[in-house]
Amino acid sequence: MAEKKSKGQKLADDLLSKPQSLGEKDPKFLEEASKFCEGYKKFLACKTEREAVAYAIPILKKHKYTEYVHGKKYKAGDKFYLNNRDKDLIMCTMGKKPVSEGIRVSVAHLDSPRLDFKPHPLFEDGEMVYFKTHYYGGIKKYQWTTVPMSIRGVVMLKDGTKVTINVGEDESDPSFIITDLLVHLARDQMQKTASKVVEGEQLNLLIGSWPFDDEKVSQRCKLAIMQILNEKYGFTEDDLESAELCAVPAFKARDLGFDRSLVAGYGQDDSSCAYAEFMAELDTKDPEYTTVTIFADKEETGSDGPTGMASYFFRDFIEDLAQDAGCEVRHVMRRSICLSADVGAGYDPAWPEVFERNNCAFMNHGPILSKYDGAGGKYSTNDASAEMVNYIQRIFREAGVSWQMGELGKIDVGGGGTIASYISLNNIDTIDIGVPVLSMHAPVEVVAKADEYMLYKAIHAVYNSALPKEI
Ligand code: MN
Ligand code: MN
């Protein structure tokens, strides 16, 4: 028989917060989460924004989504999507209420830190051939050497034909690698600070070493590689000037741990959130409010350009929806809410000193709700209001969704921003949500399956809630 609780114990039950992991709350949760994450691991095979968009569109069509047509009358339950330059995707399910009552937005980004190629990438040195890269996003450069890489992207031929490239991932493909200095000659290198141990101009991808059989030409190894590329893909060196090629880690996403509770893989910032919101969107059939699910690009470099969230493409789309419904975009925006779905830092016992224990996020404690991010004294951040945080939490409680409130780390050790700032400038109440990640921005990142599945449930709950938001 359970011992009777003391007065103090009862009071503590009533008054104090008791953080609990998803595993403590429901030991069976991992089973369900693991099923969900089988699809997630497949999605992680998309390693660029273009690949994720190309992967999603056929799935959308299978789920009866049609391409959005401005002026067309959509009825409740209709599903449609808008493709922005093959790099962003907006997916919608029409709600029962008119859009003038507000929409339910979530946004996650598809781009991840990687090594883009320079416009003149191909060179030979020491009778070896390389692609010269220009890193994309915030990376610890030393992590990207001696890691098997694959090459992804598009090359535009002179006649405008687009050639898609994806090589280095398959067992039968060749592999590519960036070399590092042997430790025997690294006495100077080992004295350098981490940001200088490997520098940007040393991130050259090794792609060949065998000379073309003609002594009359110079750079015979380079010519030999160019010949192979030309035969396989039809392009010449000139065509690389306009190409969008990059190198990404060639690891497949895999279960991590004897208990298989975690996923190890590249690009989980932010494919974890993109997949969760994608599945929530697909599984939303007849929502009260119109859902708008966004796959965004260029988050890792500041959200600039026509495919970044600083662009007007999102607002223009909502304006189209507003016009279709005979109302003004600004009236839609101010009644709407947005989940800015991006990953946060998971507590890592190897570096306890950067985390503040009462306000950091733990693996397997559910998606992190972040009221704000930014850096220092809350610089450059959306800061969700008490009303907005409470509104989302009420939806979560009603739907049985678990969450943890979390900041990135200690105030003065760093910081970071998210897309929330760009969405909220449209006068939309926005809050950050995302799974905790270990080794964020490294070639292989770690996410907990239970957190990933609970994030899906969280976004699904917001999409399917009929709870009106006061404005
Ligand atoms: Mn991110
Ligand atoms: Mn990031």
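This is a short talk about two manganese ions, some salt bridges and a few single residues in one predicted model.

Okay, some ground rules. It's a predicted model, where local features need pLDDT of at least 70, side-chain atom pairs count only at pLDDT 80 or more, and totals for chains, interfaces and linings use all residues. Residues are numbered from 1 along each chain as its sequence is written, chains are lettered from A and ligands numbered from 1 in the order in which they are written, and side-chain values use heavy atoms, with hydrogens and water left out.

Let's begin with the metals. Which residues hold the manganese ion (ligand 1)? Its protein donors are His109 through NE2, Asp269 through OD, and Asp342, listed twice through OD, at 2.1 to 2.6 Å from the ion. By donors I mean N, O and S atoms within 2.8 Å of the metal (3.2 Å for Na, K and Ca), and since water is not among the atoms, sites may look incomplete. Along the chain, the spacing reads H-x159-D-x72-D. His109 sits in strand 4 (residues 103-109) and Asp342 in the loop between strand 15 (337-341) and strand 16 (344-345), so this pair ties together parts that are 233 residues apart in sequence. On helices and strands: those are DSSP runs, H or I with at least four residues for a helix, E with at least two for a strand, numbered from the N terminus.

Are these two donors buried or exposed? His109 is buried, with a relative accessible area of 0%, and Asp342 is buried too, at 11%. Buried means under 20% relative accessible area, exposed means over 50%, and partly exposed is in between, using a 1.4 Å probe and protein chains only.

Now the manganese ion (ligand 2). Its protein donors are Asp269 through OD, Glu300, listed twice through OE, and His441 through NE2, at 2.0 to 2.7 Å. Here the spacing in sequence is D-x30-E-x140-H. Asp269 lies in helix 7 (residues 268-282) and His441 in the loop between strand 22 (436-438) and strand 23 (445-448), so that pair ties together parts 172 residues apart in sequence. Asp269 and His441 are both buried.

You'll have noticed a name coming up twice. Which residue coordinates both ions? That's Asp269, and the two manganese ions are 3.3 Å apart.

On to charges. Side chains of opposite charge can pair when their charged atoms come close. How many salt bridges does a search of the whole structure find? It finds 25, where a salt bridge is a side-chain nitrogen of Lys or Arg within 4 Å of a carboxyl oxygen of Asp or Glu.

Take Lys162 and Asp86, whose side chains meet at 3.4 Å, N to O. Lys162 is in strand 8 (residues 162-167) and Asp86 in the loop between strand 2 (79-84) and strand 3 (88-93), so they tie together parts 76 residues apart in sequence. Lys162 is partly exposed at 41% relative accessibility, and so is Asp86 at 30%.

Glu201 is a nice one to click on, with two lysines to look at. Lys118 forms a salt bridge with Glu201 at 2.9 Å, N to O. That links strand 5 (residues 114-125), home of Lys118, to the loop between helix 5 (194-197) and strand 10 (204-208), where Glu201 sits, 83 residues apart. Lys118 is partly exposed at 23%, and Glu201 is partly exposed at 49%.

The other lysine is Lys132, whose salt bridge to Glu201 is 3.1 Å, N to O. The two are 69 residues apart. Lys132 counts as buried, at 17%, and is found in strand 6 (residues 128-136). Its side chain also reaches the backbone oxygen of Glu201 at 2.9 Å. Leaving aside neighbours within four places in sequence, Lys132 is in contact (heavy atoms within 4.5 Å) with residues including Asp116, Phe117, Lys118 and Glu201.

Last stop, Trp403. You'll find Trp403 in the loop between helix 10 (386-399) and strand 19 (404-405). Leaving aside neighbours within four places in sequence, its contacts are His365, Pro367, Leu369, Gln393, Phe396 and Arg397. Trp403 and Glu281 are 122 residues apart in sequence and 20 Å apart in space, C-alpha to C-alpha.

That's my tour, thanks.

Conventions: A polar contact is a pair of N or O atoms within 3.5 Å; within protein, one must be able to donate a hydrogen and the other to accept it, and residues adjacent in sequence count only if both atoms are side-chain atoms.
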